[in-house]
Amino acid sequence: MSRQSRAGSGRGRPARTRRLPADAPWEALDGRSAAALLGRLAGRPETEECERDDARLGVISAGDGFRHPDGSVLLVVDCFSGAYNAVSLWFLIPPGKRNPEPLRPQWPEGLAGGEPGRLVNAHFDPQHGELGSFSKSRGLGDCGEMASWRYRAGRFVLTDLRRMSFCRGVPPHRWPPLWR
């Protein structure tokens, strides 16, 4: 067998694409870009249910949106808050798409939580592409549900899920893991 036939002729091979590191950091959107993208959410049923602060309307901060090097955009809209839980709506715009869709983070079968796009006490680490949620059953934070997801190949994949159904004074890092 010749060297060329072992190595292939080069014909018919797909073009090489630049691979991004698995943990490529997200970049915060500037206020103008975030405002333009968030404007596409106006009139959506998901956002109409939110309590809006008149002082906040039209004022968008840089923390409201993030762009991944693959072209995906993550948007967050503060929705409402109670005594110790705040709900926010999260939207993802996949690369090459125009319209934001409610974020649908992965959940294990039978353990799904909440409605698509709605996260409680959510936080996002743009450096590592990690999204977290911590729904407290009482203010002390010793019971409830805690989950985290990592961005992989265009979606958020569950990395950790913990739930403490009974308030026993146990801190969240000691709750039993349901998924890891």
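Me: A disulfide is a pair of cysteine sulfur atoms within 2.5 Å of each other. What makes Cys143 and Cys167 a disulfide?

Reply: The sulfur atoms of Cys143 and Cys167 lie 1.9 Å apart, which is within the limit, and the pair is therefore called a disulfide. The structure holds one disulfide, and it links distant parts of the chain, with Cys143 in the loop between E8 and E9 and Cys167 in the loop between E10 and strand E11 (177-179), 24 residues apart. This is a predicted model, in which local features need pLDDT of at least 70 and side-chain atom pairs count only at pLDDT 80 or more, while totals for chains, interfaces and linings use all residues. Residues are numbered from 1 along each chain as its sequence is written, and side-chain values use heavy atoms, with hydrogens and water left out.

Me: How do you know whether Cys143 counts as buried or exposed?

Reply: Buried means under 20% relative accessible area, exposed means over 50%, and partly exposed lies in between (1.4 Å probe, protein chains only). Cys143 has a relative accessibility of 0% and so counts as buried, whereas Cys167, at 36%, is partly exposed.

Me: Why is the pair of Glu130 and Arg150 called a salt bridge?

Reply: The term requires a side-chain nitrogen of Lys or Arg within 4 Å of a carboxyl oxygen of Asp or Glu. For Glu130 and Arg150 the N to O distance is 3.8 Å, so the pair satisfies the rule. Glu130 belongs to strand E8 (residues 130-136) and Arg150 to strand E9 (residues 144-152), so that the pair, 20 residues apart, links distant parts of the chain. Strands, marked E, are DSSP runs of at least two residues, as helices (H or I) are of at least four, both numbered from the N terminus. With a relative accessible area of 27%, Glu130 is partly exposed.

Me: How many salt bridges does the rule give, and what makes Arg138 and Asp142 one of them?

Reply: The count comes to four salt bridges. Between the side chains of Arg138 and Asp142 the N to O distance is 2.7 Å, and the pair therefore falls within the cut-off. Arg138 is partly exposed, at 34% relative accessibility, while Asp142 is buried, with a relative accessible area of 2%.

Me: What makes Arg162 and Asp160 a salt bridge, and how do you know whether Arg162 is buried or exposed?

Reply: The closest N and O atoms of Arg162 and Asp160 are 3.2 Å apart, so this pair also meets the rule. Arg162 has a relative accessible area of 11% and is therefore buried, and Asp160, at 16% relative accessibility, counts as buried too. Arg162 is placed in strand E10 (residues 155-164).

Me: Which residues does Arg162 contact beyond its neighbours within four places in sequence?

Reply: Contact means heavy atoms within 4.5 Å, and by that standard the partners of Arg162 include Gly144, Glu145, Met146, Pro172, His173 and Trp175. A polar atom of the Arg162 side chain lies 2.5 Å from the backbone oxygen of Trp175.

Me: How many helices and strands does the chain have, and what share of its residues counts as buried?

Reply: There are three helices and 11 strands, and 33% of the 180 residues count as buried. Among contacts between residues at least 6 apart in sequence, 50% join residues at least 24 apart.

Key:
Polar contact = N/O pair within 3.5 Å; in protein donor to acceptor, adjacent residues only side chain to side chain.
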